[in-house]
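Visitor: Please take a close look at a single part of this model. I should like to see how its surroundings are put together.

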Amino acid sequence: MTQALDGAIAALPEPISSTHVTLLAECVLRAAKTGERDPAVMQRLALLELQIMPRV
């Protein structure tokens with residue numbers, strides 16, 4: 001999970017907000033909870049979810 005989160009954070013442009021880090025971490029945890037174990041898949045899921053989230 002750490003590898004997935006670190007990779008997702010590294011893929012974001014600077015500066016990275018703490019909100020984005022939190023959202024990525026939550027997505028990685030959700031993916032792990034459903035049984036996903038591949039860090040690359042968890043990373044892609046987190047980045048995709050962040051990309052499609054509505055912006056406030």
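Guide: In what follows, Ala, Val, Leu, Ile, Met, Phe, Trp, Tyr, Cys and Pro count as nonpolar, Asp, Glu, Lys and Arg as charged, and the others, Gly among them, as polar. The model is predicted, so local features need pLDDT of at least 70 and side-chain atom pairs pLDDT 80 or more, whereas totals for chains, interfaces and linings use all residues. Residues are numbered from 1 along each chain as its sequence is written, and side-chain values use heavy atoms, with hydrogens and water left out.

The part chosen is the largest pocket (an open set of points on a 1 Å grid over the protein atoms alone, with protein on both sides within 12 Å along at least five of seven lines). About 260 Å³ of space lies in the largest pocket (the space filled by probe spheres set on points joined across faces, edges and corners). Its lining (residues with an atom within 4 Å of a point) comprises 13 residues, and H20, L23, L50, Q51 and R55 are the ones nearest the centre of the pocket. Eight of the lining residues are nonpolar, four are polar and one is charged. Helix 2 and helix 3 each contribute at least two residues to this lining (helices being DSSP runs of H or I, at least four residues, numbered from the N terminus).

The same two helices also supply at least two residues each to the lining of the largest cavity, where a 1.4 Å probe fits but cannot get out. A search of the whole structure finds one cavity of 30 Å³ or more, and the volume of the largest cavity is about 30 Å³. Around the largest cavity stand L23, L24, C27, A46, E49, L50 and M53. By class, six of these lining residues are nonpolar, none is polar and one is charged. L23 and L50 therefore belong to the cavity lining and are also listed among the residues nearest the pocket centre.

The packing of helix 2 (18-33) against helix 3 (residues 39-52) is the next matter. The axes of helix 2 and helix 3 (lines fitted to C-alpha atoms over the stretch in contact, with angles from 0 to 180 degrees between N-to-C directions) come within 9 Å and cross at roughly 130°. In this contact (heavy atoms within 4.5 Å), helix 2 brings H20, L23, L24, C27, V28, R30, A31 and A32 against M42, L45, A46, L47, E49 and L50 of helix 3. The contact residues divide into eleven nonpolar, one polar and two charged.

Helix 1 (residues 2-11) packs on helix 3 as well, with axes that come within 8 Å and cross at roughly 45°. Q3, A4, G7, A8 and A11 of helix 1 meet P39, M42, Q43 and L47 of helix 3, a contact with six nonpolar, three polar and no charged residues. M42 and L47 thus take part in the contact of helix 3 with helix 1 and in that with helix 2.

The axes of helix 1 and helix 2 come within 10 Å and cross at roughly 145°. Here A4, L5, A8 and I9 meet V21, L24, A25 and V28, and the contact has eight nonpolar, no polar and no charged residues. L24 takes part in this contact, in that of helix 2 with helix 3 and in the cavity lining.

Between helix 1 and helix 2 lies the loop that holds P15. The peptide bond from E14 to P15 is cis, with omega near -10°. Most peptide bonds are trans.
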